[in-house]
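Please read these points with the structure open beside you. They are numbered so that you can reply to each in turn.

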Amino acid sequence: MYGSGVVKGLALTLKKFFSKKITEQYPEERPFIDHRWRGSLQLDKDACICCNMCVNACPNGVITLESGKDENNKRFLTRYEVNFERCLVCGLCVEACPKQCLKFTREYELATYFRDDVKLGLYHNPKLSAPSSTYAQKTEQKKEG
Amino acid sequence: MRTQEITVNLGPQHPSTHGVFRLVIHLDGEVATGGTSVLGYLHRGLEKLAESRTYPQFIPYTDRLDYLASMSNNLAYVQTVEKLMGIEVPERAEYLRVIFAELQRIASHMVGVGTFVMDLGAVTAVFYPFIHREKILDLFSMTCGGRLTYNYMRIGGLSHDIPEEFLPKLQEFLDYMRTALEEYHQLVTGNEIFLARTKGVGVITKEMAMSYGLSGPNVRASGVCYDVRKAHPYGIYDRFNFNVPVFESGDTFDRYMVRMIEMEESVKIIRQAIKDLPEGPVLGKVPKLIKPPAGEVYHSIENPKGELGFYIVSDGSPKPYRLHIRRPSFVNLGVLEEIIKGWKVADVIAILASLDIVLGEVDG
Ligand code: SF4
Ligand code: SF4
């Protein structure tokens, strides 16, 4: 019968209309963010050995770091800046870090009102409170909810 | 009745052009008498950028080609470099690559058919495939932490192994896919309005398809059985048992059907790959500094949109001397100007959507 295809389709639509809703009511309902999520970056500045591996791994020259030397000839960090504007969020820097002190966070709402806020100064603002991601971690960390 | 010919700009900012594509279309009344495609709005010069990046650093840029199929783009590029350097890839990585490439094919076709049906005016029908695709994106993001730009493949293997909850979820998804596809056939394929709008519209003949160098579902809908997975098996595709759907008439309906059936075949391939998935490392032995020997290489794979090929010239340094990308969407788009002649504006939109182009790839 001509039109039976349309009716069949409408029957499905009707069935779906009465089935469970799947729309997520963002922002009241928060989405589940995976443990390996690549969000913003976070740095444990005391563990960093200033080896420049992250800087060299980055395809876009996003990371700038400056370091000084203390009396034992040990390097310490004086500046660590991520120009997030040009970051591809590719993760090559996190994978390259031998000390695993550079990490992704599981944040995802990264829009800012002002351009200057896009730059991440990880030295002065280490963002250690953000939920971190287990991306590129050799020993899987304890999973957080 | 003769009317005055008018020229209309379709795009570049128009939702039905699937990105920033402009079609200057000449109309006689409502009927298109010809058209010129204007490209380049999304051109970022990726080929040139590659010359100033090291080989591994270019992998995230390939994500930005066909951004609905980043995983497959990654695969094509890393396999090209592996071919140039003669790197062995561990078995487990090979199997996982097949699983991910096929999942990506399903995800890309979901968007392809969904937006195609939406461009015919059926907005409900775009949400169903997007729901299914969302499940694939969940699988991807749990593995590599990204939903669109995965940057998952590495020269010599993969960046990560799959998490333990991945395989059960994947099984669940494959079982779900059967009902999902059945439902979609029920919703769309038998619909008389859909059939009236697509059968016989925008026909690409076999000769035309071959002379324009089309590839992927577009060429298989025109009766040419060409699939790189069968014609020049790469990776471990020769170990799998699957069919390549070929249709004869080359109209928009056939292009839709090829995609629908390919999704079923992809599910088959993934099932076989899970069955044989070995244990072991996912990254092979690769030198710290990737420095291919001087020489050139071309390698192509079957992307969801068609044959994606990379041509690399190496001068022995850590950066490519020259890199060229054979981008299937770009080549497939060439035929558009010819096949829209004589169709109404609404059909032109449908024909464009049935070619399933992505502007990130067209413009490079
Ligand atoms: S994520 Fe990629 S682009 Fe961003 S800083 Fe790290 S290496 Fe650079
Ligand atoms: S790779 Fe890690 S340890 Fe080395 S400079 Fe970067 S953040 Fe510091």
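1. Confidence, chain B. This is a predicted model. Chain B has a mean pLDDT of 90, and 99% of its residues reach 70 or more. For the complex, the predictor gives an ipTM of 0.87 and a pTM of 0.92.

2. Confidence, chain A. The average pLDDT here is 83. In chain A, 92% of the residues score at least 70. One stretch needs a flag: over residues 140–145 of chain A, pLDDT stays under 50. The model has twelve contacts beyond four places in sequence for that stretch. Please read those contacts with the pLDDT of residues 140–145 in mind.

3. Ligand 1. The surrounding residues come from chain A: Cys58(A), Pro59(A), Val62(A), Ile63(A), Cys87(A), Leu88(A), Val89(A), Cys90(A), Gly91(A) and Cys93(A). By class, nine are nonpolar and one is polar. No charged residue belongs to the shell around ligand 1.

4. Ligand 2. This shell has 13 residues. Cys48(A), Cys51(A), Asn52(A), Cys54(A) and Cys97(A) come nearest to ligand 2. Twelve of the shell residues are nonpolar, one is polar and none is charged.

5. Asn52(A). This residue deserves a second look, as it is among those nearest to ligand 2. Its phi is positive, about 70°, although Asn52(A) is not a glycine. Most residues other than glycine have a negative phi. Asn52(A) sits in the loop between S1 and helix H2 (53–57) of chain A. Its relative accessible area is 32%, so Asn52(A) counts as partly exposed.

6. Asn151(B). Here too phi is positive, at about 50°, and the residue is not a glycine. Asn151(B) lies in the loop between helix H5 (124–144) and S6 of chain B. Buried or exposed? Asn151(B) is buried, at 1% relative accessibility.

7. Met153(B). Strand S6 (residues 153–154) of chain B holds this residue. Met153(B) is buried, with a relative accessible area of 0%. Which residues does Met153(B) touch, leaving out those up to four places away in sequence? They are Ile59(B), Met71(B), Asn74(B), Leu75(B), Val78(B), Arg97(B), Phe100(B) and Leu158(B). For Gln79(B), 74 residues away along the chain, the C-alpha separation from Met153(B) is 9.4 Å.

8. Cis peptide. The bond between Tyr26(A) and Pro27(A) is cis, with omega about 0°. Most peptide bonds are trans. Pro27(A) belongs to the loop between helix H1 (4–17) and strand S1 (41–43) of chain A.

9. Ser133(A). Look for this residue in the segment after strand S5 (120–121) of chain A. Ser133(A) is buried, at a relative accessible area of 1%. Leu10(A) is 123 residues away along the chain, and the two C-alpha atoms are 44 Å apart.

10. Aromatic pairs, helix H6. Over all chains, the structure holds 19 aromatic pairs. One of them is Phe173(B) with Tyr176(B), a tilted pair. The ring centres are 6.4 Å apart and the planes meet at 35°. Both residues belong to helix H6 (residues 166–189) of chain B; they are three residues apart, so about one helical turn separates them. Phe173(B) is buried at 3% relative accessible area, whereas Tyr176(B) is partly exposed at 26%.

11. Edge-to-face pair. Tyr237(B) and Phe242(B) also pair, this time edge-to-face. Their centres are 6.4 Å apart, with 70° between the planes. Tyr237(B) is buried at 2% relative accessibility. Phe242(B) is buried as well, with a relative accessible area of 3%. The two rings are part of a cluster in which ring pairs link Tyr95(B), Tyr234(B), Tyr237(B), Phe240(B) and Phe242(B).

12. Charges over rings. Two lysines deserve mention beside these pairs. Lys135(B) lies over the face of Tyr176(B), 4.7 Å from the ring centre. Lys230(B) has its charged end over the ring of Phe242(B), 4.2 Å from the centre.

Conventions:
Residues are numbered from 1 along each chain as its sequence is written. Chains are lettered from A and ligands numbered from 1 in the order in which they are written. This is a predicted model: local features need pLDDT of at least 70, side-chain atom pairs count only at pLDDT 80 or more; totals for chains, interfaces and linings use all residues. Side-chain values use heavy atoms; hydrogens and water are left out. Rings of Phe, Tyr and Trp (its six-membered ring) pair if their centres lie within 6.5 Å; planes under 30 degrees apart count as stacked, over 60 as edge-to-face and the rest as tilted. Helices (H or I, at least four residues) and strands (E, at least two) are DSSP runs, numbered from the N terminus. Buried means under 20% relative accessible area, exposed over 50%, partly exposed in between (1.4 Å probe, protein chains only). A charge sits over a ring if NZ of Lys or CZ of Arg is within 6 Å of the ring centre and within 35 degrees of the ring normal. A residue is near a molecule or strand if one of its heavy atoms lies within 4 Å of it. Ala, Val, Leu, Ile, Met, Phe, Trp, Tyr, Cys and Pro count as nonpolar, Asp, Glu, Lys and Arg as charged, and the others, Gly among them, as polar. pLDDT is the predictor's confidence in each residue, from 0 to 100. Contact means heavy atoms within 4.5 Å.
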